[in-house]
Amino acid sequence: MNAAVRPILEAFARCQGLWSKRLLGAIGGPTPLTHPVIVRELGGALHSEAMRSAITANANFALVPLQVRAGLAKLMAQELATPPSGEAKEAFADWDKPLVQVGHHHPAWHAKDAVAWLKNFPPVRRLPQPLDTWDDATAAVWLNDRVSIATAPQDGDADSVVMAIDASNPWKPPLEVLHNLDELELEDLAYRVFVERLRREVMPSYISERRILVRDVILHVTFGYLTLPDARWRVREHDVKRVRHFDRLFGTDREWIHDLVCRIVDAYAWPNGFTEPELWSEFPGLEDVEP
């Protein structure tokens, strides 16, 4: 592999006038395709057609078990915005519910925004964002309400409303129901919305980062740069860094946020051996090591 790619890197460096001892040393080193100096200065060469051809011709895909390669292909085909399986959709039952009314948008959360939102959770006597922007239709979806109103002309009056009302259980507009939820009902609804905002808005960037890392380390195994256990260790280290980052951000909420984030990550079809539980089991105790 290295013998095939070094001439491509050298030619690109000369063309760009980037010839230096440091760059030459990186090109001549044991892992030129992943060396930080080359990634930073010769990125164009790494993504060139010549490089793709050299990798295709020389990568040893037999170093990665077929089951892992198939799992990687499935992973890379997934849409991050939608749970990829029926089981995941059952685990996140609100996955397709609108967070705001049709035609409206709200700024997407980052992790720090979720932290700020939790400072006023559980809500007391007021609707938190974005529940305070809902219309009847959006509230009805989340409350599983059914509007039992039919508009029909009566005695020539097109504005008349025919309403079937059960005296023991009169229909109420969804917004009226929403604004009159008791504290426990409102807390439950707000939590469900929080879960979906975290899953849809905060976590995709972290899922994407992990997915790219899994793809890259498996590719590096085919280069001969890593063994498969080394590749899995790299992903394990990455997971621990994310856990530590979230622990610092969420403070007193870190334990249940950790459990929720793990559920979200685990909803995606990672290749065999690259799920978080598998890596925790094989490489225990890493969380206890000082960063």
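The largest cavity is lined by R242, V243, F246, D247, R254, I257, H258 and V261. A cavity here is a set of points on a 1 Å grid over the protein atoms alone where a 1.4 Å probe fits but cannot get out, and a lining residue has an atom within 4 Å of a point. About 50 Å³ of space lies inside this one, with volume taken as the space filled by probe spheres set on the points, and points joined across faces, edges and corners. The protein has 1 cavity of 30 Å³ or more. The elements giving two or more residues to the lining are α12 and α13; helices (H or I, at least four residues) and strands (E, at least two) are DSSP runs, numbered from the N terminus. By class, the lining has 4 nonpolar, 1 polar and 3 charged residues. In that scheme Ala, Val, Leu, Ile, Met, Phe, Trp, Tyr, Cys and Pro count as nonpolar, Asp, Glu, Lys and Arg as charged, and the others, Gly among them, as polar.

A word on the ground rules. This is a predicted model, so local features need pLDDT of at least 70 and side-chain atom pairs count only at pLDDT 80 or more, while totals for chains, interfaces and linings use all residues. Residues are numbered from 1 along each chain as its sequence is written, and side-chain values use heavy atoms, with hydrogens and water left out.

Now step back to the whole chain. The secondary structure comes to 14 helices and 2 strands. Of the 291 residues in the protein, 39% are buried, where buried means under 20% relative accessible area, exposed over 50%, and partly exposed in between (1.4 Å probe, protein chains only). Contacts are heavy atoms within 4.5 Å; among those with a separation of 6 or more, 75% join residues 24 or more positions apart.

So what sits in the middle? The largest nonpolar core has 42 residues, and those with the most contacts inside it are F194, L198, M203, V214, I218, F246 and F274. Such a core is a set of buried Ala, Val, Leu, Ile, Met, Phe, Trp, Tyr and Cys residues joined through side-chain atoms within 4.5 Å. Helices α6 (66-76), α8 (111-118), α11 (183-223), α12 (228-250) and α13 (254-266) each supply at least two of its residues, and the largest share, 12 residues, comes from α11. Apart from this core lies another, of 20 residues, among them M1, I8, A45 and L46. F274 is a handy place to look around: beyond residues up to four places away in sequence, F274 touches V68, R210, V214, V217, I218, L228, A231, R232, V235 and L279.

Two of the contributing helices are worth a closer look. In α6, V68, G71, L72 and L75 are buried. Seen down the axis of α6, these residues fall within an arc of 105 degrees, so they line one face of the helix; the arc is that of the directions from the helix axis to the C-beta atoms. That buried side packs against α11, while the face turned away from it carries the exposed residues L66, A73 and K74. In α8, the buried residues are A111, A114, V115, W117 and L118. They cover an arc of only 160 degrees around the axis, which puts them on the same side of α8. Their cover includes α11, α12 and α13.

On to the pockets. A pocket is an open set of points with protein on both sides within 12 Å along at least five of seven lines. The largest has a volume of about 600 Å³. Of its 20 lining residues, R215, D216, L219, H220 and F223 are the closest to its centre. α11 gives the most to this lining, with 9 residues, and α5 (49-58) also supplies at least two. The lining divides into 11 nonpolar, 4 polar and 5 charged residues.

The second largest pocket has a volume of about 180 Å³. Its lining has 13 residues, and H106, P107, Q129, P130 and R197 are the closest to its centre. Here the split is 5 nonpolar, 6 polar and 2 charged.

Last stop: N58, in helix α5. At 36% relative accessibility, N58 counts as partly exposed. Leaving aside neighbours within four places in sequence, N58 is in contact with M1 and A4. The C-alpha atoms of N58 and V5 are separated by 9.4 Å, with their positions 53 residues apart along the chain.
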